[in-house]
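Here are three short exercises to work through with the model open beside you. Try each task before reading its solution.

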Amino acid sequence: MTRRIVDSASPAYQSAGAFKPAGPPKNYSVSELEVMAKKIRRAIITMIGNAGSGHPGGSLSAVEILTALYFRILKHNPSDPHWPERDRFILSKGHAAPALYAALAASGYLPEAELCTIRKIDSRLQGHPECGLTPGVEMSGGALGQGLSFGIGVTLAGRLNKKDYRTYVLLGDGECDEGQVWEAAMAAAHFKLDKLTAIVDHNGIQLDGWNKDIMNIEPLAQKWESFGWRAIQINGHDVAQVIDALEQAKKISGQPTVIIALTVKGKGVSFMENNPDFHGKAPNAEEMKIALKELE
Amino acid sequence: MAQEMSTRDAYGQTLVELGKTNPDIVVLDADLSKSTQTHLFGKAYPDRFFDCGIAEQNMVTIAAGLASSGKVPFCSTFAVFLPGRCFDQVRMSISQPGLNVKMATTHSGISVGEDGISHQAIEDLALACALPGLTVIVPADGVEADKAVRAAAEMIGPVYLRLGRPKVPVIYSQDYQFKIGQASCLLEGQDVTIIAIGILVKAALDAAADLQKEGLRCRVLNMSTVQPIDEAAILKAAAETGAIVTAEEHLAHGGLGSLVASVVAANRPVPMEFISMKDYAMSGKPAELMERYKLTAKDIAEAVRKVVKRKS
């Protein structure tokens with residue numbers, strides 16, 4: 001590979017410092033996490049608005065899930081992204097890259113100022129995540145349906161290497177249309193991967209419209225259960241519920257757990273909420289201003 | 001080694017040997033382990049063998065996850081299913097990040113015979129060679145298959161190994177020095193070069209022996225690494241022999257023929273002929289099919305006579 005990537009040590013990336021790098025795990029309170037979620041939402045809007053393209057709807061719906069993971073649940077070390085003992089987070093719905101990059105920057109994997117390079121030429125922050133390019137990105141994403149299978153491989157390697165880490169995979173609900181998700185669901189239960197947790201960001205909307213109109217996936221929790229998973233359904237915007245479900249998953253043995261997180265596409269920005277048009281459309285300058293105002 | 005051996009048998013046996021010394025080697029299959037011969041590894045090292053059922057997309061992506069975590073996964077199924085059935089997964093989860101996954105497929109080409117066109121992979125090289133950074137190897141016999149599997153395990157990066165079902169004559173002796181990316185010259189000659197892969201390497205040698213009687217001295221190159229292709233050997237052949245015939249059990253489009261032609265056309269144009277598949281075949285005995293679709297020593301010899309006439 002000969003792609004030229006700007007070094008993050010470049011002065012162009014010196015952080016303005018709105019995010020304080022979180023460093024190794026720390027016990028954030030729920031109210032601190034809520035503040036963090038709002039900052040991440042602002043970063044998402046700013047990134048996509050500046051880039052002029054991207055996927056705000058499914059990035060905003062996943063914010064509390066990412067916040068709970070990166071600032072409460074994951075055992076990780078942003079200064080050592082390849083730490084062998086780390087828990088792995090795999091973003092299967094790769095179009096939520098802005099949310100992931102914001103969480104990575106807030107954790108200290110990236111300088112915050114680098115976020116404004118997303119989707120621009122030579123940036124480490126590609127339109128969809130690329131592993132090996134961005135610190136903290138575990139898997140390349142963008143083509144849907146592959147993350148859970150990848151997570152199975154990561155979890156099996158942990159079992160073979162006698163490591164104690166856990167693997168978390170975030171999927172979209174529209175992504176569950178992909179047959180490979182169910183190949184993986186069957187296999188994870190077959191291999192009894194209790195250190196694998198899937199989270200479905202169930203915002204009800206995919207690119208062409210509402211799930212129920214495009215391709216009905218209900219009853220979703222029952223589908224996973226019938227494949228041999230433990231299913232926990234929660235409000236995916238209630239950080240405390242997200243944390244509680246992820247903690248419950250750690251205690252389940254002999255089978256993988258799926259958390260069906262009921263969310264709102266475009267959450268936090270009035271004109272994006274439940275609006276399929278903002279699946280893959282950037283806000284214009286005026287919309288960006290309104291959105292950031294709403295997220296103050 | 002026996003006089004005849006299939007490349008898939010060599011693969012299965014070599015995997016077991018590699019498993020002894022390298023604990024990071026893991027093997028995945030998609031419910032074809034008895035055919036691909038990975039069942040031998042599964043029997044020897046059950047903890048490191050994962051039968052993924054009939055789910056090739058899932059299998060190759062699991063392999064990517066294993067590779068990202070330091071394992072050296074070999075995954076196998078028939079060449080019609082990998083990369084065809086799971087091209088998007090191979091592309092995004094293996095090729096783009098350059099993960100260390102070894103994809104070894106068996107039952108390639110029309111020599112699978114009676115199962116018919118659904119099972120005859122004649123497009124897999126085109127798909128594999130479309131992926132930048134993927135090393136693509138087609139061993140010619142059991143000895144080369146053994147050495148190629150070992151070399152694939154040693155190198156870091158994704159590899160596609162194309163293996164076959166039928167027993168094929170052993171060409172190489174055990175002291176053969178296989179090197180990824182390097183064509184092997186099996187016969188020196190100055191009048192024309194036959195560049196062959198897989199089971200057509202033996203056919204090329206047979207054709208060269210017949211043509212020798214007519215006074216035509218053929219060079220025979222086994223281009224076992226199709227990607228990255230050995231440009232130096234091709235250009236040397238073009239310069240020194242002035243004509244090239246390629247021979248493969250695959251469509252010319254995207255296969256050996258077009259890969260050699262693109263090197264020749266860009267650097268040293270010489271007349272070329274292509275022994276390859278032109279269309280889908282049908283059920284039949286392997287030997288009958290090779291004859292019907294003109295993939296025999298006789299056909300290679302005919303192409304050589306034709307290309308030599310075109311030399312200026």
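**Exercise 1.** Work out what the radius of gyration says about chain A in this predicted model.

*Solution.* Start with the expectation: a compact globule of 296 residues would have a radius of gyration near 19 Å. Next, take the value for chain A, 18 Å, which agrees with that expectation. Now add the extents: along its principal axes, the C-alpha trace spans about 50 × 45 × 40 Å. Then turn to burial, where 53% of the 296 residues of chain A count as buried. Finally, consider the contacts in chain A with a separation of 6 or more: 77% of them join residues 24 or more positions apart. If you would like to trace the elements as well, chain A has 10 helices and seven strands.

**Exercise 2.** Describe the side of chain B that touches chain A.

*Solution.* First count the partners: chain B gives 25 residues to the contact and chain A gives 24 residues. Then look for the elements involved: α4 (56-68) and α5 (87-95) of chain B each supply at least two residues of this side. The largest share, nine residues, belongs to α4(B). Last, sort the chain B residues by character: 10 are nonpolar, 12 polar and three charged.

**Exercise 3.** Find how the two domains of chain B meet.

*Solution.* Begin with the bounds, domain 1 (4-169) and domain 2 (184-309). The centres of these domains of chain B, taken over C-alpha atoms, are 25 Å apart. Their contact takes 30 residues from domain 1 and 28 residues from domain 2 of chain B. On the domain 1 side, the elements that each supply at least two residues include α7 (142-154) and β6 (135-137) of chain B. That side divides into 17 nonpolar, eight polar and five charged residues.

Note on methods: Residues numbered from 1 in each chain as written. Chains lettered and ligands numbered in written order. Predicted model: local features only at pLDDT ≥ 70, side-chain atom pairs only at ≥ 80, totals over all residues. Helix = DSSP H or I, 4+ residues; strand = E, 2+ residues; numbered from the N terminus. Rg over C-alpha atoms; globule rule 2.2 N^0.38 Å. Buried ≥ 20, exposed ≤ 12 C-beta atoms within 10 Å, placed from the backbone. Contact = placed C-beta atoms within 7 Å. Nonpolar A, V, L, I, M, F, W, Y, C, P; charged D, E, K, R; others polar. Domains from an automatic or database assignment.
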